[in-house]
Number of protein chains: 4
Amino acid sequence: MQIEKSDKGWKSKLHEIIYEADTPMGKWFDIVLIFLIIISVILVMLESIKDIDAKYHNILLALEWVITIFFTIEYIARIICIKKPAHYIFSFYGIIDVLSTIPLYVSYILAGSQVLLAIRAFRLLRVFRILKLVRFLGEASQLKNALKASRAKITVFLFAVLIVSVILGSLMYIVEGEEAGFTSIPISIYWTIVTLTTVGYGDIAPITPQGQAIATIIMLVGYGIIAVPTGIVTVEFGKQTKNATSAKEGTYVHVNTQACTTCGKEGHRDDASHCYNCGSKL
Amino acid sequence: MQIEKSDKGWKSKLHEIIYEADTPMGKWFDIVLIFLIIISVILVMLESIKDIDAKYHNILLALEWVITIFFTIEYIARIICIKKPAHYIFSFYGIIDVLSTIPLYVSYILAGSQVLLAIRAFRLLRVFRILKLVRFLGEASQLKNALKASRAKITVFLFAVLIVSVILGSLMYIVEGEEAGFTSIPISIYWTIVTLTTVGYGDIAPITPQGQAIATIIMLVGYGIIAVPTGIVTVEFGKQTKNATSAKEGTYVHVNTQACTTCGKEGHRDDASHCYNCGSKL
Amino acid sequence: MQIEKSDKGWKSKLHEIIYEADTPMGKWFDIVLIFLIIISVILVMLESIKDIDAKYHNILLALEWVITIFFTIEYIARIICIKKPAHYIFSFYGIIDVLSTIPLYVSYILAGSQVLLAIRAFRLLRVFRILKLVRFLGEASQLKNALKASRAKITVFLFAVLIVSVILGSLMYIVEGEEAGFTSIPISIYWTIVTLTTVGYGDIAPITPQGQAIATIIMLVGYGIIAVPTGIVTVEFGKQTKNATSAKEGTYVHVNTQACTTCGKEGHRDDASHCYNCGSKL
Amino acid sequence: MQIEKSDKGWKSKLHEIIYEADTPMGKWFDIVLIFLIIISVILVMLESIKDIDAKYHNILLALEWVITIFFTIEYIARIICIKKPAHYIFSFYGIIDVLSTIPLYVSYILAGSQVLLAIRAFRLLRVFRILKLVRFLGEASQLKNALKASRAKITVFLFAVLIVSVILGSLMYIVEGEEAGFTSIPISIYWTIVTLTTVGYGDIAPITPQGQAIATIIMLVGYGIIAVPTGIVTVEFGKQTKNATSAKEGTYVHVNTQACTTCGKEGHRDDASHCYNCGSKL
């Protein structure tokens with residue numbers, strides 16, 4: 001019985017260190033974790049640079065293993081010390097954690113799976129949670145709400161942009177043809193989106209006068225419609241901010257136009273049963 | 001008489017299937033139609049890719065014919081089952097439907113008319129109507145209203161941009177000349193719009209110091225005026241949203257946190273003298 | 001005396017035709033004028049295209065002379081029929097008119113002055129005035145007011161952007177050097193503005209890792225500050241629109257917090273000498 | 001004692017000339033200073049252009065020395081005539097002043113330090129202070145406040161953009177590989193940011209269909225999220241402007257066009273019972 005208790009105590013202690021950041025140990029664990037996440041992302045980048053990988057391959061691989069082992073231990077610890085492991089395993093962070101840990105193991109079976117290591121960058125999102133950046137999270141949630149509220153409008157907008165791109169891309173394919181690089185309709189659509197979004201690589205560019213004329217129209221259209229998502233998000237964002245402000249400043253409720261039968265006053269709360277002015281029943 | 005009646009019944013049944021989506025049959029018809037529209041757009045794209053067309057030309061052509069025949073039957077059926085065919089034939093969708101059906105037939109008479117098949121992409125707009133995406137349509141109509149309301153302002157703006165482009169394009173033609181690719185005034189105007197809209201292909205770029213100086217000014221102007229359409233649409237869009245909101249929501253008044261001494265209810269109007277819930281004096 | 005009178009009548013008749021558009025003759029004159037302006041702009045463009053100029057040089061030159069003579073007559077007529085010629089000569093349109101007429105004459109003295117013909121594009125601005133596009137002019141004036149109101153803010157902004165560009169351009173010159181095309185500080189500043197404004201020609205692009213790192217920062221900064229002019233113009237534009245709306249809806253005046261000594265009412269007009277409530281002297 | 005007094009007078013006189021701009025001497029000093037700052041920035045630029053430096057090296061160097069000596073004297077004078085030199089030395093302008101003066105001296109010890117001369121551009125910020133551009137400074141501070149208020153939101157946004165860029169960059173590295181120029185993950189991340197911010201140099205561009213498909217998605221995402229910082233800054237800026245307006249303007253009430261029957265004055269409050277001008281009953 002005593003053993004069970006101490007065991008429970010050991011688990012809850014670990015839980016405190018890993019999942020919380022109120023104790024000194026918990027804070028240290030979080031800082032080390034963030035540090036290792038950043039290191040691991042940098043390692044993946046360095047490995048991808050030929051010159052560096054050629055010179056320091058062994059060191060990089062060794063460091064990779066150190067971090068992978070730490071991440072493995074961390075992942076197992078997270079499962080052990082939580083009461084409902086499934087809750088963690090199938091959470092967003094749980095999936096990111098496992099995906100950013102296994103690639104090195106899998107790389108001995110499947111070549112090329114090491115590239116999955118890049119998923120580790122997702123772990124950087126922990127920074128916000130760990131550093132208790134509540135203020136920042138508040139800001140992010142306001143951003144998220146604004147984007148959520150504009151989702152339907154932006155979907156309609158992107159759908160319309162895609163259809164326009166298909167039409168204009170096909171037109172450019174007919175007008176310009178092979179020479180200018182418009183070798184197929186999908187390529188032309190790709191070019192149309194490159195132009196509409198004002199990216200303009202220049203790897204493909206119209207060379208015939210009529211092609212350049214159409215390109216000019218596409219650019220002006222793109223310039224005009226760049227305003228649309230901005231307008232949508234700005235308006236939504238303005239609303240979000242106003243809501244946040246009014247929530248702070250006081251509460252507002254909806255009132256109806258029902259008039260009191262006794263005093264004739266209007267503007268009662270929807271759930272009012274008595275007149276706020278004379279007190280008679282509504 | 002009976003025949004006429006059954007004939008009428010058969011027509012109205014077909015009308016229900018083709019033009020409405022409330023019956024199971026009508027829904028199935030719509031889903032099959034959208035599926036075929038998407039397939040037909042993809043077919044046109046695949047045919048434009050040389051490698052794929054070379055390998056699978058016969059399969060693609062066969063599929064093309066299947067879809068064209070289906071579209072033909074659909075078009076005829078739409079005309080038969082509607083009371084006023086002219087109403088449909090000269091509607092936006094009527095014209096799109098015929099334009100996206102005939103090219104394959106015409107391709108036996110006129111070479112190259114197959115490219116018109118790209119018009120099929122317009123049919124994708126049906127998705128909104130068919131899937132009863134009322135919410136999305138509402139959003140789109142709000143977008144449309146905002147764009148409609150800003151039409152006059154954006155026309156003035158685009159006209160001014162065009163005149164500025166003609167002036168600056170001519171200037172660049174004089175300053176840069178042949179070597180840098182500014183071979184004629186229209187080309188220089190094309191380049192000016194590429195720069196003003198921040199697309200910047202780089203196929204033509206100034207090489208003389210004075211040309212680069214003017215280009216810098218054009219870029220800064222473009223950067224500044226990119227704000228204008230955005231400002232216009234945002235303001236109009238804000239108005240549209242406000243109208244929609246106020247139409248939906250009615251009037252709101254400020255309520256305070258004062259609790260009724262009798263019933264304890266909170267949320268009274270600031271000017272309330274009686275509780276809205278129990279009617280006792282506050 | 002009679003001659004003088006008829007002369008006066010002839011002048012005022014001409015004035016009506018040229019400067020006004022209320023009579024049928026005035027309308028016809030304006031439509032012909034716009035038509036000729038557009039033709040003359042197109043002529044200048046066509047002449048700049050080598051192939052077309054080589055083939056049709058004589059026709060183009062003849063048409064050029066026809067238009068120049070018409071413009072010359074129009075200019076003289078405008079001076080004759082107005083009471084105060086200086087008023088017209090030194091106006092915006094007066095200067096544009098003379099500048100867009102003389103180049104062909106001057107081209108016989110100075111070679112290359114023909115390029116000034118491009119100034120004719122400015123004449124296109126007449127379209128707005130001639131076609132009595134009052135509604136459009138109203139929109140344009142609203143645009144102009146918004147841009148005027150944001151002038152100070154945008155000047156500060158552009159000045160700051162220029163200083164940042166000088167600093168970052170110098171930095172890139174040091175970091176990248178000759179090979180990547182950063183051959184001098186002015187060129188590097190040019191490149192920095194190309195990047196900051198998200199134009200991105202790609203004629204010059206960083207090739208060293210540290211150069212690409214700085215470029216990344218410049219891009220993100222540019223992406224961030226693209227918001228600033230947009231924000232300025234949107235806010236100003238929103239105010240302009242609101243003003244226009246409130247001007248339509250009724251008048252608002254400023255009231256102060258001075259209380260009436262007799263009845264205690266506040267909210268008097270700044271220029272009030274009596275209380276609006278009880279009528280006693282303030 | 002008398003000497004000390006005259007010494008004090010001499011110092012305070014110098015202080016007046018250097019730090020203030022109310023006396024004619026002070027104004028002249030400031031104008032000369034701005035002129036020299038601009039000259040010095042132009043000198044640095046000219047020196048960086050090979051052709052110009054080769055021809056006029058000695059003249060440029062001589063001018064450089066003249067300006068450096070003037071700046072040195074100015075710097076010493078600023079320290080002498082101020083009561084608390086440390087206050088100036090460690091201020092923003094103090095540090096800029098020393099950094100923009102010493103490079104020429106240091107260039108005799110360390111080669112290449114001359115490039116630090118570009119820091120002089122910072123001195124241009126003095127223009128605002130010297131020319132007493134209070135109105136402009138007010139505008140700038142409003143800009144600064146708006147940017148300050150949106151700092152947290154923009155930090156969150158840029159952090160999210162960076163993480164997305166790391167993920168997408170890694171993906172493009174895997175998909176495109178060496179041939180298209182995606183030689184390492186950092187290069188791919190650089191390309192992703194070039195695309196996301198719609199700069200689009202085109203020095204690196206996807207060539208495989210799947211790479212172009214991902215690029216299309218990145219562009220559309222970039223096009224969408226370009227709205228986010230704009231939305232943030234616009235909303236914040238709108239708030240700043242509103243605050244500034246309401247602070248300046250007080251309260252406004254609606255007035256009608258009803259004329260007083262006694263004095264004929266218009267513009268009474270809607271709830272007025274007496275004329276605000278003569279006090280007679282309305």
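The paragraphs below lead through a predicted model, beginning with the fold of chain A, then turning to the contact between chain D and chain A, and ending with residues of chain C.

Chain A is built from 12 helices and 1 strand, and when these elements are read along the sequence they give the pattern α-α-α-α-α-α-α-α-α-α-α-α-β, with the strand placed after the helices. Of the 282 residues in chain A, 47% are buried, while the accessible surface of the chain comes to about 14200 Å², with 68% of that surface belonging to carbon and sulfur atoms. If one takes the contacts in chain A between residues at least 6 apart in sequence, 51% of them join residues at least 24 apart.

A single position inside this fold can serve as an example. A:Gly26 lies in helix 2 of chain A, which covers residues 24-48, and A:Gly26 counts as buried because its relative accessible area is 0%, where the cut-off for buried is under 20%. Between A:Gly26 and A:Thr72 there are 18 Å in space, taken from C-alpha to C-alpha, and the two are 46 residues apart in sequence.

On the surface of chain A, the residues A:Ile69, A:Ile73, A:Ile95, A:Leu99, A:Ile102 and A:Tyr105 make a nonpolar patch of about 490 Å². Helix 3 (50-81) and helix 5 (92-99) of chain A are the elements that give two or more residues to this patch. A:Ile102, by contrast, is located in the loop between helix 5 and helix 6 (103-106) of chain A, and A:Ile102 counts as partly exposed because its relative accessibility is 36%, which falls between the limits of 20% for buried and 50% for exposed.

The next step is the interface of chain D and chain A. The size of an interface is often given as the accessible area lost when the parts come together. For chain D and chain A this buried area is about 3800 Å², with 78% of it on carbon and sulfur atoms, and the contact involves 44 residues of chain D and 46 residues of chain A. The rule finds 0 salt bridges across this interface, whereas 3 residue pairs, both members at pLDDT 80 or more, are in polar contact between the two chains. On the side of chain D that touches chain A, the elements that give two or more residues are helix 9 (151-176), helix 10 (185-196), helix 11 (209-225) and helix 12 (227-249) of chain D, and the largest share of that side, 13 residues, comes from helix 9 of chain D.

Chain C offers two residues that touch chain D. C:Ser184 is found in the loop between helix 9 (151-176) and helix 10 (185-196) of chain C, and C:Ser184 is buried because its relative accessible area is 6%. When residues up to four places away in sequence are not counted, C:Ser184 touches C:Tyr173 in its own chain, together with D:Ser48 and D:Ile49 of chain D.

C:Ile189 has its place in helix 10 of chain C, and with a relative accessible area of 10% C:Ile189 is likewise buried. Leaving aside neighbours within four places in sequence, C:Ile189 is in contact with C:Ser165, C:Val166 and C:Gly169 in chain C and with D:Met45 in chain D. C:Ile189 and C:Leu171 are 18 residues apart in sequence, and their C-alpha atoms are 9.5 Å apart in space.

Note on methods: Residues are numbered from 1 along each chain as its sequence is written. Chains are lettered from A and ligands numbered from 1 in the order in which they are written. This is a predicted model: local features need pLDDT of at least 70, side-chain atom pairs count only at pLDDT 80 or more; totals for chains, interfaces and linings use all residues. Side-chain values use heavy atoms; hydrogens and water are left out. Patches are made of residues with over 30% relative accessible area and no salt bridge: like charges are joined within 9 Å, nonpolar side chains (Val, Leu, Ile, Met, Phe, Trp, Tyr) within 5 Å. Accessible areas come from the Shrake-Rupley method with a 1.4 Å probe; for residues, only the protein chains shown count as cover. A salt bridge is a side-chain nitrogen of Lys or Arg within 4 Å of a carboxyl oxygen of Asp or Glu. Helices (H or I, at least four residues) and strands (E, at least two) are DSSP runs, numbered from the N terminus. Buried means under 20% relative accessible area, exposed over 50%, partly exposed in between (1.4 Å probe, protein chains only). Contact means heavy atoms within 4.5 Å. Buried area is the accessible area (1.4 Å probe) that two parts lose on being put together, summed over both. A polar contact is a pair of N or O atoms within 3.5 Å; within protein, one must be able to donate a hydrogen and the other to accept it, and residues adjacent in sequence count only if both atoms are side-chain atoms.
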